[in-house]
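Q: Please take a close look at one side chain in this structure and describe its contacts. Then work outwards from there to other parts of the model, saying what each residue touches and where it sits.

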Amino acid sequence: MEPSLGPQEKCHLITRNLQEVLGEDKLMAILKERELKIYWGTATTGKPHVAYFVPMSKIADFLKAGCEVTILFADLHAYLDNMKAPWELLELRTRYYENVIKAMLESIGVPLEKLKFVRGTDYQLSKEYTLDVYRLSSVVTQHDAKKAGAEVVKQVEHPLLSGLLYPGLQALDEEYLKVDAQFGGVDQRKIFTFAEKYLPSLGYAKRVHLMNPMVPGLTGSKMSSSEEDSKIDLLDRKEDVKKKLKKAFCEPGNVENNGVLSFIKHVLFPLKSEFVVLREEKWGGNKTYTAYEALEKDFAEQVVHPGDLKNSVEVALNKLLDPIREKFNSPELKKLTNAAYPSPSKASKELLGAGGSGNSEPENLDPSRLDIRVGKVISVEKHPDADSLYVEKIDVGEPEPRTVVSGLVQFVPREQLQDRLVVLLCNLKPQKMRGVESQGMVLCASSLGEPRQVEPLDPPAGCCAGERVYVEGYEGRQPDDELKPKKKVFEKLQADFRVSEDCVAQWKQKNFLTKLGRVSCRSLKGGTIS
């Protein structure tokens, strides 16, 4: 704790950079009497990425304010959330999280001895907790349980009962961890208000809730474990960090949905109280900012160039990641990482075993190999040498738009394509079509009968260019860099693409999804997709 901080100073440290606080009066009342007891929980699902430094930096603030901090590794929650962590991998992933979260905290100078670490299954399987789950289920409506988990629990067409239990368990954790407050992202708000409504019905106190903003990912949308292009992994190599930052959305003068600026604001500034923009002398030399607002103002006025900002974040970020990479370079933690997150191809080989087909490398054919993204059409022109083709410029969240040649001329008027969101397959090998190189394929629904009708697939409203499109159950995996034409991976997978009777795009009856919902077409029920 900082020396001789009063309640007001402690409250400032606890709440700075937060988006919302529920129960600030109660927070102040507690701080006037004693230190605050608070917990942060994380479900042990996909690999943590650099956005996890946001809650880590807040945990540092809590400790400076004298708080008693508990970190919960919510292993049971990870399983309940549509089995994001399979039961057989649950223990391994929890151990991975314990090691990587502790390594993150150490890399920003947080003393681990001041923290309490707990696993959910340490107490969530007890007789008392189980009885409270039943008591809670007797007063909570299905509507309220589903609504509470809408922003956190994976949403599918036919939800499992486990996802409805999830919010109730998170509410009960506040009582069983004996805390005054729970800290999380603003996406947890519905679960927090659910807890405030229902814990008193069991005779338990209402807690304070502290919420971080959701930091934009590198594509401008939420940074997510299931959206590969939006995130930088904690164990990414330096060259991978450079590559991902180079592709990051950071439009000159644009401070909205700018993941690079947000990372500086919510991680680098709180940790160092300053940020240095590295520049060559001919561009003015290095400049040190001691207030984030001054940096944002200079970026908005284009005094700071996106390239300089990205290079400076790259240097600062690698300083945070270096000790984590070093720790996970040990044989023991390398083995743990590979066991907790086995590659799909490895899993396929293990399933086939010695009694398989005899191929030395059985091919893993699943839709996670396809790099499918939301694209925004920014221009449409007729092909200079083919009246039946369009040449489209499509933004997919990269520094430059992609050129795509499509045969939509006879099906979609040009003005209907302009500024439209489409679904683009991005990792086909580029090929020339009548002299123009096409760098992707717009995925479309086609009717089965005559005359043939074609409609581009539509992402959910509100999507951003560059967001990952995935097939339900296959999110969080790395797509191939480029699909080899001779392997015909897309062609084999595409044979099982269909449009459902409610116009949803599917592969083997599993929906195409973004983080905002299902991908669909406008009217071609039962059609094919190509």
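A: The side chain of N258 reaches the backbone oxygen of N254 at 3.1 Å. The model is predicted, and the distances that follow are computed from it. N258 lies in the loop between α10 (238–247) and α11. Its relative accessibility is 1%, and N258 counts as buried because that value is under 20%. Leaving out residues up to four places away in sequence, N258 touches P216, F249, C250 and F299.

One of those residues, F299, leads to a helix pair. Helix α11 (residues 259–272) packs with helix α12 (residues 292–300) at an angle of about 165 degrees, and their axes are 11 Å apart. The angle is over 145 degrees, so α11 is roughly antiparallel to α12. The crossing of these two helices is right-handed. On the α11 side the contact is made by L261, I264, K265 and F269, and on the α12 side by Y292, L295 and F299. By residue class, the contact of α11 with α12 holds six nonpolar residues, one charged residue and no polar ones. F299 therefore has two roles in this description: it belongs to the contact of α12 with α11, and F299 is also touched by N258.

After α12 comes a loop that holds Q302; this loop runs between α12 and α13 (306–327). Q302 is not a glycine, yet it has a positive phi of about 65 degrees. With 54% relative accessibility, Q302 counts as exposed because the value is over 50%. N258, by contrast, counts as buried at 1%. A positive phi of about 65 degrees is also found at D419, again a residue that is not a glycine. D419 lies in the loop between α16 (414–417) and β12.

Another loop asparagine is N427, found between β12 (421–425) and β13 (431–433). N427 counts as buried, because its relative accessibility of 2% is under 20%. Two backbone atoms are reached by its side chain. The backbone nitrogen of D371 lies 3.1 Å from a polar atom of the side chain of N427, and the backbone oxygen of D480 is reached by the side chain of N427 at 2.9 Å. Both partners are in the contact list of N427, which leaves out residues up to four places away in sequence and consists of R369, L370, D371, P479, D480, D481, E482 and L483. For L370, the separation from N427 is 57 residues in sequence, but the C-alpha atoms of the two are 6.8 Å apart in space.

A side-chain to side-chain pair is found elsewhere. R119 lies in strand β4 (residues 115–119), while E91 is found in helix α5. The side chains of R119 and E91 are joined by a polar contact of 2.7 Å. The two ends of this pair fall into separate accessibility classes: R119 counts as buried at 17% relative accessibility, whereas E91 is partly exposed, with a relative accessible area of 41%. Not counting residues up to four places away in sequence, R119 touches L72, F73, D75, E91, T94, R95 and E98. D75, one of these, is 16 residues from E91 along the chain, and the C-alpha atoms of D75 and E91 are separated by 7.8 Å.

Helix α5, where E91 is found, is also part of a second helix pair. Helix α5 (residues 87–107) and helix α14 (residues 331–340) pack with their axes 9 Å apart, at an angle of about 135 degrees. That angle makes α5 oblique to α14. Their crossing is left-handed, whereas that of α11 and α12 is right-handed. From α5, the residues L89, L92, R93, R95, Y96 and N99 meet L333, L336, T337, A339 and A340 of α14. Sorted by class, the residues of this contact are seven nonpolar, two polar and two charged. R95 links the two parts of this region: it meets α14 as one of the α5 residues, and R95 is also among the residues that R119 touches.

Technical notes: Residues are numbered from 1 along each chain as its sequence is written. This is a predicted model: local features need pLDDT of at least 70, side-chain atom pairs count only at pLDDT 80 or more; totals for chains, interfaces and linings use all residues. Side-chain values use heavy atoms; hydrogens and water are left out. Axes are lines fitted to C-alpha atoms, for helices over the stretch in contact, and angles run from 0 to 180 degrees between N-to-C directions. Helices (H or I, at least four residues) and strands (E, at least two) are DSSP runs, numbered from the N terminus. Angles under 35 degrees count as roughly parallel, over 145 as roughly antiparallel, 65 to 115 as roughly perpendicular and the rest as oblique. A crossing is left-handed if the near helix is turned anticlockwise from the far one by less than a right angle, and right-handed if clockwise. Contact means heavy atoms within 4.5 Å. Ala, Val, Leu, Ile, Met, Phe, Trp, Tyr, Cys and Pro count as nonpolar, Asp, Glu, Lys and Arg as charged, and the others, Gly among them, as polar. Buried means under 20% relative accessible area, exposed over 50%, partly exposed in between (1.4 Å probe, protein chains only). A polar contact is a pair of N or O atoms within 3.5 Å; within protein, one must be able to donate a hydrogen and the other to accept it, and residues adjacent in sequence count only if both atoms are side-chain atoms.
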